[in-house]
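Student: I would like to understand how labels such as buried or edge-to-face are given to residues. Could we work through some of them together?

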Amino acid sequence: MVVGVCRLALYFPESGSLKTKRQGLRRIIDRVRAKFNAAIAEVSDQDAWQRAGVAFAVVGNEGRHVQSMVDHIVSFVEGLYVAQLLDRQVELVTYADEERFGAEPL
């Protein structure tokens, strides 16, 4: 099992208030959840008017597939043109099969 975690630093240049930023952020979060069924949330800069830290996670069987999903989601967020992507951090974590630890299959 492979878990991909990605953290995005976003910039909302047109935002003049927290309400405006949160409207744009809600648009991003809702669309990513609907299209990719990924877990996504705002994780930092909650009180900043023009910046937001967003993280999402995807799970799969192969590292290549998980990396591909992460790349697709990042491209999708950029393609919404709601916010500018300032930075991204990606981490893939591989977990060993349960059989190696003596666990019995369900």
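Tutor: We will take the labels one by one, keeping in mind that this is a predicted model.

Student: Why is lysine 21 called buried?

Tutor: Lysine 21, which lies in helix α1 (residues 18-36), has a relative accessible area of 0%. Buried means under 20%, so lysine 21 is given that label.

Student: What makes the approach of aspartate 45 to the side chain of lysine 21 a polar contact?

Tutor: The backbone oxygen of aspartate 45 lies 2.8 Å from a polar atom of the lysine 21 side chain, and the cut-off for such a pair is 3.5 Å. Aspartate 45 also appears among the residues that lysine 21 touches, a list that leaves out residues up to four places away in sequence and includes Phe12, Glu42 and Trp49.

Student: Is aspartate 45 itself buried, exposed or partly exposed?

Tutor: Aspartate 45, in the loop between β2 and β3 (51-60), has a relative accessible area of 29%. Because the partly exposed class runs between 20% and 50%, aspartate 45 is called partly exposed. Its phi is near 60°, a positive value in a residue other than glycine, whereas most residues other than glycine have a negative phi.

Student: How do you know that asparagine 37 counts as exposed?

Tutor: The relative accessibility of asparagine 37 is 70%, and exposed means over 50%, so the label applies. Asparagine 37 is found in the loop between α1 and β2 (39-44), and it too has a positive phi, of about 55°, although it is not a glycine.

Student: What makes phenylalanine 36 and phenylalanine 76 an aromatic pair, and why is the pair called edge-to-face?

Tutor: A search of the whole structure finds 1 aromatic pair. In that pair, formed by phenylalanine 36 and phenylalanine 76, the rings are 5.4 Å apart, centre to centre, with 75° between the planes. Ring centres must lie within 6.5 Å, and planes over 60 degrees apart count as edge-to-face, so both conditions are met. The pair links distant parts of the chain, since phenylalanine 36 is in helix α1 and phenylalanine 76 is in helix α2 (residues 63-79), 40 residues apart.

Student: Why do phenylalanine 36 and phenylalanine 76 carry the labels buried and partly exposed?

Tutor: The dividing value is 20%. Phenylalanine 36, with a relative accessible area of 16%, is therefore buried, while phenylalanine 76, with 22%, is partly exposed.

Technical notes:
Residues numbered from 1 in each chain as written. Predicted model: local features only at pLDDT ≥ 70, side-chain atom pairs only at ≥ 80, totals over all residues. Heavy atoms only, no water. Helix = DSSP H or I, 4+ residues; strand = E, 2+ residues; numbered from the N terminus. Buried < 20%, exposed > 50% of the residue type's maximum accessible area, 1.4 Å probe, protein only. Polar contact = N/O pair within 3.5 Å; in protein donor to acceptor, adjacent residues only side chain to side chain. Contact = heavy atoms within 4.5 Å. Phe/Tyr/Trp six-rings, centres within 6.5 Å; stacked < 30°, edge-to-face > 60°.
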